Amino acid sequence: SLETNAINWLAFEPIIKTQYRVGANWDHIVPARNLILIALAEKYVDHAGEIWLGAVQGETLEDKGDKSELFFRLVEEFVWRSAGKKIFIKTMKEKTKNDWLKTYLNETGDKSILDTITCFKSASCGTCQACVRKWIAMRYCGLDTSTHFEQDPFTAGAEHINKYKKVLSKAKKQKDYSHYSKDRIEQDLGVILAYEKGLTARAK
């Protein structure tokens with residue numbers, strides 16, 4: 001995967017293979033990935049410093065594993081006790097991924113950020129969950145997505161679109177923000193429903 005290649009480029013060789021296989025949906029996951037990234041960054045800290053991770057709004061709750069604030073506090077404590085370094089792990093939890101992208105584009109006008117690769121399969125397959133999330137973020141920012149992906153994520157990634165539509169609608173109705181933040185629910189669902197409405201209108 002791209003994450004594995006990045007780790008190899010840094011000449012750091014963690015054990016990333018496991019005897020347990022849980023299907024193709026997990027092939028893009030590097031076990032203990034955030035612990036690995038923090039361990040790499042910690043080597044550049046002399047005595048004290050901040051380490052920033054891209055965990056956004058709704059991703060740092062206690063049940064979010066290695067993205068949770070609990071996990072980060074435990075790692076900070078471990079580094080302090082084992083290496084005598086005071087690290088402060090910071091996140092981007094104040095905003096959703098959509099809002100961070102909009103903020104960056106509004107402040108810099110630099111669209112090269114869209115060339116970053118988050119795809120699980122290729123560069124921009126349009127079928128995977130990562131591409132669907134990127135498509136939602138781009139649509140939220142009012143960007144043209146017609147040529148960015150190999151396939152239209154709304155149709156090629158229908159499995160993920162339908163899942164989001166179902167679970168986000170349910171969460172909104174029940175006001176359940178334990179898995180997705182309120183802002184993300186409103187934003188993602190708004191993009192999906194607006195695009196769906198537009199397709200329906202064009203078909204008439």
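The following paragraphs describe salt bridges in a predicted model.

Eleven salt bridges are counted in this structure. Three of these pairs, together with one network, are taken up below.

One pair joins K43 and E42, whose closest N and O atoms lie 3.9 Å apart. This contact is counted because a salt bridge requires the side-chain nitrogen of Lys or Arg to be within 4 Å of a carboxyl oxygen of Asp or Glu. The two partners have contrasting surroundings: K43 is exposed, with a relative accessible area of 63%, whereas E42 is buried, at 9%.

Attention now turns to helix α3, which comprises residues 69-83. Within this helix, E76 forms a salt bridge with R73, and 2.8 Å separates the closest N and O atoms. The two residues are three positions apart in the helix, which places about one helical turn between them. E76 is buried, with a relative accessible area of 15%, while R73 is partly exposed, with a value of 35%.

A further pair in helix α3 consists of E77 and R81, which stand four residues apart and are likewise separated by about one helical turn. Their side chains meet in a salt bridge with an N to O distance of 2.5 Å. Here E77 is partly exposed, its relative accessible area being 35%, and R81 is exposed, at 67%.

Finally, the pair formed by E76 and R73 belongs to a wider arrangement. A network of salt bridges links E69, R73, E76 and K93.

Notes:
Residues are numbered from 1 along each chain as its sequence is written. This is a predicted model: local features need pLDDT of at least 70, side-chain atom pairs count only at pLDDT 80 or more; totals for chains, interfaces and linings use all residues. Side-chain values use heavy atoms; hydrogens and water are left out. Buried means under 20% relative accessible area, exposed over 50%, partly exposed in between (1.4 Å probe, protein chains only).
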